Amino acid sequence: MSGDDRELLRHHGDVDAARGLADFAVNVRLDRPPEWLRSRLAEALDDLGSYPSAEADEAARRAVATRHDRRPDEVLVLAGAAEGFALLPALRPKLAALIHPSFTEPELALRNAGVQVERVVLDAADGYRLRAEQVPDEADMVVLGNPTNPTSVLHPAEEIRRLLRPGRVVVVDEAFIDTVPGERESVAHLAEPGLLVLRSLTKMWGLPGLRAGYALGDPRLLADLGRNRPHWPVNSLVLTAVRACCEPHAIAESQRAAAEFGEHRAQLLAELAGLPGVEVVRAAEAPFLLLRVPDGRRVREALRERGVAVRRGDTFPGLDADHLRVAVREPEQNSLLVKAFRDVVERG
Ligand SMILES: Cc1ncc(COP(=O)(O)O)c(C=O)c1O
């Protein structure tokens, strides 16, 4: 990518998906929130008659704190992880190192605010593995995703901790970590200075339209992060959802879903990797797979003609038009994807 590539960085999977297509481009687990969560949100409609209260905010933060073994003052409720990225410039970094290939929203937010960024592009031949020593010493902010969109790679918590040092903020986007059994390698529970973890309710709970998530970090860091937020930055429904999704029954449901994702992914991976010319990143731990196919652009278009939408890969720094990302869905839907892929790569 060259010149001002911000238009490409702004590309999202929802643009690849379109009405009528089987959607393997967007990675949200459910097409609407589960029934129990819908009733909680419906009950909370009555709260819309008043401004979101400090008590409701505190109750949400307490629920998050209990879930992650933190203190309520180490929690900031956000309008999605995306708001967390938008707030990063408030920390006034001088040089932000972005670990790529990865979700591009943090880079955009930082560049749009005039922050100098440096891309640290992980090596495909090394399995897109994080190596802390690749990050420039002078970076006073490092941003990475775990597990990473779009590679699906889960970095070891130990390697992430190696990035920490005085005067540096390490931002870990854990938007997908609730799809990993046991939330293995999560650093959400670690009260380390300079560690800022972003979480999202979007993917697990079918809530992209609500905009709900939270940050975990040192209270001073959170205060700096939120310095320029408006009054009542998140609405009462968001506070309700955050609280509800931290309850033990919700955690249990997300863990069941994580186990299912693991099974479905293993099956899909084996089938796709068995097709001629299709390479799959095998160390996959998220509910999507990164593929490489010759003539990727044509493959994506041919899949579309067969009613299947997949996410283009070339808008992610470090990837090109031969990279495609596909969501892991229920086995029946996954079979449709495999069948369409087989048609395209075997028959052209
Ligand atoms: C890796 C990653 N992080 C964060 C987000 C944004 O999450 P939210 O919906 O909570 O803003 C996305 C959304 O696509 C994502 O893919």
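**Two domains, a shared core and helix 10**

Visitor: What domains does the assignment give for this protein?
Guide: The domain assignment gives domain 1 (6-31 + 251-347) and domain 2 (35-250), with bounds that come from an automatic or database domain assignment. Residues are numbered from 1 along each chain as its sequence is written. The model is predicted: local features need pLDDT of at least 70 and side-chain atom pairs count only at pLDDT 80 or more, while totals for chains, interfaces and linings use all residues.

Visitor: How many residues does the contact take from domain 1 and from domain 2?
Guide: The C-alpha centres of domain 1 and domain 2 lie 24 Å apart. The contact takes 35 residues from domain 1 and 31 residues from domain 2, where two residues are in contact if their C-beta atoms, placed from the backbone, lie within 7 Å. On the side of domain 1 that touches domain 2, the largest share, 10 residues, comes from helix 11.

Visitor: What makes helix 10 largely enclosed by the rest of the structure?
Guide: A residue is buried if 20 or more other C-beta atoms lie within 10 Å of its own, exposed if 12 or fewer, and partly exposed in between, with C-beta atoms placed from the backbone. In helix 10, 10 of the 10 residues are buried, so this helix is largely enclosed. Its cover includes helix 3 (35-44), helix 4, strand 2 (75-78), helix 8 (202-205), strand 8 (213-216) and helix 11. Helices (H or I, at least four residues) and strands (E, at least two) are DSSP runs, numbered from the N terminus.

Visitor: Why are helix 4 and helix 10 called roughly parallel?
Guide: Helix 4 (residues 54-68) and helix 10 pack at an angle of about 25°, with their axes 8 Å apart. Axes are lines fitted to C-alpha atoms, for helices over the stretch in contact, and angles run from 0 to 180 degrees between N-to-C directions. Angles under 35 degrees count as roughly parallel, over 145 as roughly antiparallel, 65 to 115 as roughly perpendicular and the rest as oblique. Helix 4 and helix 10 are therefore roughly parallel to each other.

Visitor: Which residues touch the most other members of the largest nonpolar core?
Guide: A nonpolar core is a set of buried Ala, Val, Leu, Ile, Met, Phe, Trp, Tyr and Cys residues joined through C-beta atoms within 7 Å. Of the 99 residues in the largest one, Val77, Val142, Val171, Ala241, Val242 and Leu289 touch the most other members. Helix 10 (residues 236-245) gives the largest share of this core, 7 residues, and at least three residues come from each of domain 1 and domain 2.
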